[in-house]
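Q: Please take a close look at a single part of this structure and explain how that part is placed among its neighbours. A connected account, suitable for a first-year student, would be appreciated.

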Amino acid sequence: MQTIHGFIVTLHILTGALSLLLFWVPSLTKKGGKTHKQFGGYYIKAMLFTSISGVISSTMVLFIPLVIYPTMPEHFESVAHFTAYLRGQYLFLLMLSLLVWNNVRHSVAVLKAKQNLEQLRTIEYLWLPVVLFVVASIALYQGITYGITLTCIFAPIALLNAIGIVRYVYRKDIVAGAWVTEHIGHIIGSGIGAYTAFFAFGGRTLFEGSPSLQIISWVLPALIGVPFSIWLSFKYKPKSPGRNTLSLKPKVVKS
């Protein structure tokens, strides 16, 4: 199991690093253009693999922590303490992986569905945001109970993300072109989650010994990504929304 887990983690790191680089090409190129579509497709495929592999590897540790990590470092007081630490770390990684997976999948789905959101109102589609909501709720409880700053910051974000996806899917009326801004918001959100995971796990050794710099590195992706998402959404916001509202309700024709 250690070998399988190690192989999955290696692929997760490689595709994750590739995703971090690919993210900027579709983000900074003309929306709808050839380059945007081509590299956007590469990014989505790489990020889907990264997030799903993150879910698998995290779940393995949550269920069999001592099988994956049989050797306990000396600074831990007990096996129970070590197990709790592993589960806390990988619950957070599971939440981030689900968050990225949700964002990437939703960003693609809204472009395909456009105003026909009924095709997204299925168990096959909605199970993922529901799972994210459950995992984020557990993570928030742990974050508050044990005073884990990073979890207390990102668990509410994950909760709002899950709720936002479900609310969008069940909207009765939608502005024509609103799926474009929905796509932008969630694709940028996937990048924020990916960069946060990198700094929280892969890049934390860069600021080892400096808790303040670690926290800054953790929240920096959100501080950059959120304003960038708002700016892009405003730039591509549909014009004259009052004239272009498309109702999802079937029209009743009076005889």
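A: His-5 is buried, with a relative accessible area of 4%, where a value under 20% counts as buried. This statement, like those that follow, concerns a predicted model. His-5 belongs to helix 1, which covers residues 2-22. Apart from its neighbours within four places in sequence, His-5 is in contact with Ser-57, Met-60, Val-61, Ile-68, Tyr-69 and Tyr-90. Two of these names lead to the part chosen for the close look: Val-61 is among the residues of helix 3 that meet helix 5, and Tyr-90 is among the residues of helix 5 that meet helix 3. The part to be examined is therefore helix 5, residues 79-113, which His-5 touches through Tyr-90.

The setting comes first. The protein chain has 255 residues, of which 44% count as buried. It contains nine helices and two strands, and along the sequence their order is α-α-α-α-α-α-α-β-α-α-β. Among the contacts with a separation of 6 or more, 75% join residues 24 or more positions apart.

The length of helix 5 can be checked by a simple calculation. Helix 5 has 35 residues, and at 1.5 Å a residue these should span 51 Å. The C-alpha atoms at its ends are 49 Å apart, which agrees with that expectation.

One partner of helix 5 is helix 3, residues 34-63. The two helices pack at an angle of about 150°, and their axes are 8 Å apart. Because an angle over 145 degrees counts as roughly antiparallel, helix 3 and helix 5 are described as roughly antiparallel to each other. Their crossing is left-handed. On the side of helix 3, the residues that take part include Ile-44, Met-47, Leu-48, Ser-51 and Val-55. On the side of helix 5, they include Leu-86, Arg-87, Leu-94, Trp-101 and Val-108. The residues of this contact divide into 18 nonpolar, five polar and one charged.

The spacing of such residues along a helix has a general background. An α-helix has 3.6 residues a turn, so residues three or four places apart point the same way. Within helix 5, Leu-86, Tyr-90, Leu-93, Ser-97, Val-100, Val-104 and Val-108 are among the residues that meet helix 3.

A second partner of helix 5 is helix 6, residues 123-146. Here too the packing angle is about 150°, and the axes are 9 Å apart. That angle makes helix 5 roughly antiparallel to helix 6. The crossing of helix 5 and helix 6 is left-handed. The residues of the contact divide into 18 nonpolar, four polar and two charged.

Helix 6 can be described in the manner used for helix 5. Its 24 residues should span 34 Å at 1.5 Å a residue, and its end C-alpha atoms are 34 Å apart, in agreement. The buried residues of helix 6 are Tyr-125, Leu-126, Leu-128, Pro-129, Leu-132, Val-135, Ala-136, Ala-139 and Gly-143. What covers these buried residues includes helix 5 and also helix 7, residues 149-169. After helix 6 comes Gly-147, whose phi is positive, near 65°.

The end of helix 5 may now be considered. Helix 5 is followed by Lys-114, whose phi is positive, near 50°. In Lys-114, this positive value occurs in a residue other than glycine. Lys-114 lies in the loop between helix 5 and helix 6. With a relative accessible area of 37%, Lys-114 is partly exposed.

A further contact involves a residue from later in the chain. His-183 is placed in helix 8, residues 178-202, and counts as buried at 13% relative accessibility. Leaving aside residues up to four places away in sequence, His-183 touches Ser-107, Val-108, Val-110 and Leu-111. Of these, Val-108 is also among the residues of helix 5 that meet helix 3.

To bring the account together, helix 5 packs with helix 3 at an angle of about 150° and with helix 6 at an angle of about 150°. Val-108 of helix 5 takes part in the contact with helix 3 and is touched by His-183, while Tyr-90 of helix 5 takes part in the contact with helix 3 and is touched by His-5.

Notes. Residues are numbered from 1 along each chain as its sequence is written. This is a predicted model: local features need pLDDT of at least 70, side-chain atom pairs count only at pLDDT 80 or more; totals for chains, interfaces and linings use all residues. Side-chain values use heavy atoms; hydrogens and water are left out. Axes are lines fitted to C-alpha atoms, for helices over the stretch in contact, and angles run from 0 to 180 degrees between N-to-C directions. Helices (H or I, at least four residues) and strands (E, at least two) are DSSP runs, numbered from the N terminus. Angles under 35 degrees count as roughly parallel, over 145 as roughly antiparallel, 65 to 115 as roughly perpendicular and the rest as oblique. A crossing is left-handed if the near helix is turned anticlockwise from the far one by less than a right angle, and right-handed if clockwise. Ala, Val, Leu, Ile, Met, Phe, Trp, Tyr, Cys and Pro count as nonpolar, Asp, Glu, Lys and Arg as charged, and the others, Gly among them, as polar. The expected span of a helix is 1.5 Å times one less than its number of residues. Buried means under 20% relative accessible area, exposed over 50%, partly exposed in between (1.4 Å probe, protein chains only). Contact means heavy atoms within 4.5 Å.
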